Amino acid sequence: MPLNRRRFVLLGGLFVGAASAIACKQSTSQATAQTSDTTVSETASMPNAASVDSPQDAISGDTSLSGTAVGPDGLFAPVRGDIRLAVISDLNSAYGATDYRPEVIKGIGLLPDWQPDLVICGGDMVAGQSLSLSEAEIEAMWAAFDEKILTPIRAAQLPFALTVGNHDASSYQDSGEFIYVLDRQETAQYWEGHQSDTDLQFVEASGFPFYYSFSQNDIFYLVWDASSANVPAEQVAWAEKALASPAAQAATMRVVLGHLPLYAVSQRRDRAGEYLNQADELRELLERHNVHTYISGHHHAYFPGRVGQVNMLHTGALGRGPKTLLATTKAAFQTLTILDVFLQAGRTEYTTYNMNTMEVVDPQSLPRQIVGPNGRELRQDVTAADLTPAEQAQPYVPSEA
Ligand SMILES: [Zn+2]
């Protein structure tokens with residue numbers, strides 16, 4: 001779809017402003033095991049730059065847009081990769097709420113203007129995980145999600161992938177039994193009725209919406225149930241097999257999605273139960289199968305991290321309760337991330353909007369590393385060799401006593 005003339009004129013006017021925004025733009029240089037290309041192409045960040053390699057026709061969504069700056073009128077327009085993902089997470093408000101904050105409504109309304117190939121939601125779509133909520137109240141929340149979130153996304157004909165969060169369908173167990181049985185039943189019921197609305201090309205869907213895999217535009221996606229700190233052992237075994245499968249390994253890139261992150265990044269989320277148990281083992285599983293990126297929510301704080309060979313996209317909250325990163329003091333804010341994938345180079349670029357100011361988050365304003373209770377995560381443009389002795393010696397400081 002060609003850009004209309006009005007947008008071209010507008011982009012021309014934005015060009016000077018965009019040059020400064022480029023410095024604010026997250027550029028990553030993630031080499032996969034398949035490529036040794038670790039260089040960052042700054043020109044690829046320039047609006048209207050045409051230096052991006054053309055993807056193979058068979059693998060891209062709308063190849064005519066690749067290398068073109070595309071975004072909502074009046075906002076910084078990132079250069080489109082071969083594939084573009086719009087990543088949202090943690091949409092909910094207070095327990096039982098059937099409304100969404102203005103940032104959520106605004107973000108959903110703007111999604112079509114970024115022209116993504118896929119919308120990914122990192123979970124917490126509704127505000128459950130309260131045993132005092134009735135079946136009718138939970139169903140009312142999913143009805144509100146349907147009306148305010150999924151219906152507009154479907155109307156824009158955007159495929160939608162999700163992972164369940166602790167407020168949707170917590171997998172927390174006591175004595176081997178699920179605690180939030182009703183939440184899980186209602187989540188299953190809602191999504192079984194809307195599976196076809198996702199418009200995903202499922203590879204394995206028997207566990208949908210809790211765990212499943214799909215392929216789109218030569219990227220293999222695996223979704224596991226990380227709605228509590230334990231990914232069930234049988235799902236870990238399934239993931240090992242699914243990621244090793246020909247369908248996964250033949251794809252140019254592999255992406256895994258779960259609500260809880262492997263490593264803690266935000267304040268008041270750095271206690272056990274708020275990040276995945278056995279993070280190192282799970283990361284090694286992802287590394288074994290050359291997974292490029294793990295996308296998570298739950299910590300309500302945007303951070304483009306990397307541990308070992310795996311890029312970690314910690315999606316900020318679009319809804320209630322954004323949080324501050326560990327060992328920082330900056331005020332928290334809602335975010336939405338556009339993730340452009342440059343398949344040939346095995347490279348991704350994040351453009352994350354502060355949804356309060358609508359400005360692009362400057363990655364240099366984020367800490368170079370986050371030292372958490374279960375590991376150290378480096379910002380994606382920082383390598384271990386870049387760390388100063390003081391940074392190497394930085395201790396984990398709990399966010400609360
Ligand atoms: Zn959560």
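# A predicted chain, from confidence to core

This model is predicted, and the mean pLDDT of its chain is 87. Of the residues, 84% reach 70 or more. One stretch stands apart from that. Over residues 1-60, pLDDT stays under 50. The model still has 106 contacts beyond four places in sequence for residues 1-60. Where pLDDT is low, the predicted coordinates should not be read in detail.

## The chain as a whole

The chain has 401 residues, and 50% of them count as buried. Its secondary structure consists of nine helices and 17 strands. Now take the contacts with a separation of 6 or more. Residues 24 or more positions apart account for 68% of these.

## The nonpolar core

How many residues make up the largest nonpolar core? The count is 102. Inside this core, the residues with the most contacts are Val 119, Ile 120, Ala 161, Tyr 221 and Leu 222. Helix 3, residues 135-155, gives the most to the core, with seven residues.

Tyr 221 is a good place to look at the partners of one residue. Set aside its neighbours within four places in sequence. Tyr 221 is then in contact with Ala 161, Ser 213, Phe 214, Val 255 and Leu 257.

## Two packed helices

Two packed helices are described by the angle between their axes and the distance between the axes. Helix 2 spans residues 102-114 and packs against helix 3. The angle is about 5°, and the axes are 9 Å apart. Helix 2 is therefore roughly parallel to helix 3, since angles under 35 degrees count that way. From helix 2, the contact is made by Ile 105, Ile 108, Gly 109 and Leu 111. From helix 3, Lys 148, Ile 149, Pro 152 and Ile 153 take part.

## Helix 8 and its two faces

Helix 8 runs over residues 279-288. Its buried residues are Ala 279, Leu 282, Arg 283, Leu 285 and Leu 286. Why do they lie on the same side of helix 8? They cover an arc of only 155° around the axis, so they share one side. The face turned away from that buried side carries the exposed residues Glu 281 and Arg 288.

What covers the buried residues of helix 8? The cover includes helix 6 (233-244) and strand 10 (253-257). It also includes strand 11 (293-296), strand 12 (303-307), strand 13 (310-314) and strand 17 (375-379).

Ala 239 lies in helix 6. Is Ala 239 buried or exposed? Ala 239 has 24 other C-beta atoms within 10 Å, so it is buried. Not counting residues up to four places away in sequence, Ala 239 touches Leu 222, Trp 224 and Leu 285. Leu 222 is among the core residues with the most contacts, and Leu 285 is one of the buried residues of helix 8. Ala 239 and Trp 224 are 15 residues apart along the chain, with their C-alpha atoms separated by 7.8 Å.

## A loop residue with distant partners

Arg 320 lies in the loop between strand 13 and strand 14 (335-342). It has 19 C-beta neighbours inside 10 Å, so Arg 320 counts as partly exposed. Buried would take 20 or more. Arg 320 and Ser 93 are 227 residues apart along the chain, yet their C-alpha atoms are separated by 5.1 Å. Leaving aside neighbours within four places in sequence, Arg 320 is in contact with Asn 92, Ser 93, Ala 94 and Arg 101.

## Backbone exceptions

Most residues other than glycine have a negative phi, and most peptide bonds are trans. The table lists residues with a positive phi.

| Residue | Phi | Place |
|---|---|---|
| Gln 129 | about 70° | loop between strand 3 (118-121) and helix 3 |
| Gln 278 | about 55° | loop between strand 10 and helix 8 |
| Asn 290 | near 55° | follows helix 8 |

Burial can be worked out for two of them. Gln 129 has 20 C-beta neighbours inside 10 Å, so it counts as buried. Gln 278 has 16 other C-beta atoms within 10 Å, so Gln 278 is partly exposed.

Which residues does a cis peptide bond join? They are Phe 208 and Pro 209, with omega about 5°. Pro 209 is found in the loop between strand 7 (202-204) and strand 8 (212-216).

How values were computed:
Residues numbered from 1 in each chain as written. Predicted model: local features only at pLDDT ≥ 70, side-chain atom pairs only at ≥ 80, totals over all residues. pLDDT = per-residue confidence, 0-100. Contact = placed C-beta atoms within 7 Å. Core = buried A, V, L, I, M, F, W, Y, C linked by C-beta atoms within 7 Å. Buried ≥ 20, exposed ≤ 12 C-beta atoms within 10 Å, placed from the backbone. Helix = DSSP H or I, 4+ residues; strand = E, 2+ residues; numbered from the N terminus. Arc of directions from axis to C-beta. Axes fitted to C-alpha atoms, helices over the stretch in contact; angles between N-to-C directions. Parallel < 35°, antiparallel > 145°, perpendicular 65-115°, else oblique.
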